[in-house]
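Hi everyone, thanks for making time for this one. I'd like to walk you through a single chain, starting with a bit of vocabulary and then moving from the overall layout to the details.

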Amino acid sequence: LVEVNALYIEALETLTATCRKLGVEVPEEVEELSQILKKGFIKYFKDNEKLPPLTVAPSYGLTDATVGSPAVVAASVLRGILYNDEELRGFWRTIARRLLVYRKLMVLGKETHPFGILVKDVNRTPYLGDKEYHEATIWPRDTPYLLKLMDAVGEDVTGLLISNLDHMVSE
């Protein structure tokens, strides 16, 4: 999965930066693994023109190019590592058009604001249970990554925060 690969890369980059900041030698294995993971991410996931695919199975030559929140998580955590702000702005157009879900406020006003992003841009069906959980639903765990990406591309995050707060106090 794209976000798992991205989170591993971010963790190794953070470990490396922390070691250097503290004057501790970075273990050779950490640097080597980081380079291997970055090269693999570039080979299998990175396309400067579009969001990365959901997942790949290189042994079988398969790619699931479904647009979804895992790609947003990956792009967000790899900002400044494998993605620059120009690439993120390009991704934002797709995210805003295909993944961003809006919600009308119930308690804190009457406006409509962004609420979250879809896990997958697939057919919208009623949520009945586990099968739908990994489809066109919104996972609150993705919100911090959405906030980070919105901020990186110059989008105002106030509406997203208000919408989420409104949801917490009204439901």
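First, the vocabulary: a polar contact is a pair of N or O atoms within 3.5 Å; within protein, one must be able to donate a hydrogen and the other to accept it, and residues adjacent in sequence count only if both atoms are side-chain atoms. Helices (H or I, at least four residues) and strands (E, at least two) are DSSP runs, numbered from the N terminus. With that in hand, look at the start of helix 4, where a side-chain oxygen of Asn84 comes to within 3.0 Å of the backbone nitrogen of Glu86.

Now, the provenance. This is a predicted model, in which local features need pLDDT of at least 70 and side-chain atom pairs count only at pLDDT 80 or more, while totals for chains, interfaces and linings use all residues. Residues are numbered from 1 along each chain as its sequence is written, and side-chain values use heavy atoms, with hydrogens and water left out.

On to the layout. The chain has seven helices and four strands, and along the sequence they come in the order α-α-β-β-α-α-β-β-α-α-α. The C-alpha trace spans about 55 × 40 × 30 Å along its principal axes. If we take contact to mean heavy atoms within 4.5 Å, then among contacts between residues at least 6 apart in sequence, 56% join residues at least 24 apart.

Next, burial. I'll say buried for under 20% relative accessible area, exposed for over 50%, and partly exposed in between (1.4 Å probe, protein chains only). Buried residues make up 40% of the 171 residues here. As for the outside, the chain exposes about 10200 Å², with carbon and sulfur atoms supplying 55% of it; those areas come from the Shrake-Rupley method with a 1.4 Å probe, and for residues only the protein chains shown count as cover.

So what happens in helix 3, residues 69–77? Nine of its nine residues are buried, so helix 3 is largely enclosed by the rest of the structure. Its cover includes helix 1 (2–22), helix 2 (28–44), helix 4 (85–99), strand 4 (112–117) and helix 6 (143–152). Just past helix 3, in the loop that leads to helix 4, sits Gly80, and Gly80 is exposed at 69% relative accessible area.

Helix 4 has buried residues too, among them Leu88, Phe91, Trp92 and Ile95. What covers them includes helix 3, strand 3, strand 4 and helix 6.

That brings us to the core. In soluble globular proteins, nonpolar side chains tend to be buried together. Here a nonpolar core is a set of buried Ala, Val, Leu, Ile, Met, Phe, Trp, Tyr and Cys residues joined through side-chain atoms within 4.5 Å. The largest one has 31 residues, and those with the most contacts inside it are Phe41, Leu78, Leu88, Trp92 and Ile95. Helix 1, helix 3, helix 4 and helix 6 are the elements that give two or more residues to this core. Leaving aside neighbours within four places in sequence, Phe41 touches residues including Val2, Ile9, Ala74, Leu78 and Tyr83.

Let's turn to charges. A salt bridge is a side-chain nitrogen of Lys or Arg within 4 Å of a carboxyl oxygen of Asp or Glu, and the whole structure has eleven. One of them pairs Glu31 with Arg20 at 2.7 Å, N to O. Glu31 lies in helix 2 and Arg20 in helix 1, so the pair ties together parts that are eleven residues apart in sequence. Glu31 is partly exposed at 32%, while Arg20 is exposed at 54%.

Another salt bridge joins Arg141 and Asp142 at 3.9 Å, N to O. Through shared partners, Glu3, Arg141 and Asp142 form one network. Is Asp142 buried or exposed? Asp142 is buried, at 3% relative accessibility.

Finally, the surface. Patches are made of residues with over 30% relative accessible area and no salt bridge, where like charges are joined within 9 Å and nonpolar side chains (Val, Leu, Ile, Met, Phe, Trp, Tyr) within 5 Å. Met106, Val107, Leu108, Ile162, Leu165, Met168 and Val169 make a nonpolar patch of about 660 Å². Val107 is in the loop between strand 3 (100–104) and strand 4, and is exposed at 52%.

Thanks for listening, and I'm happy to take questions.
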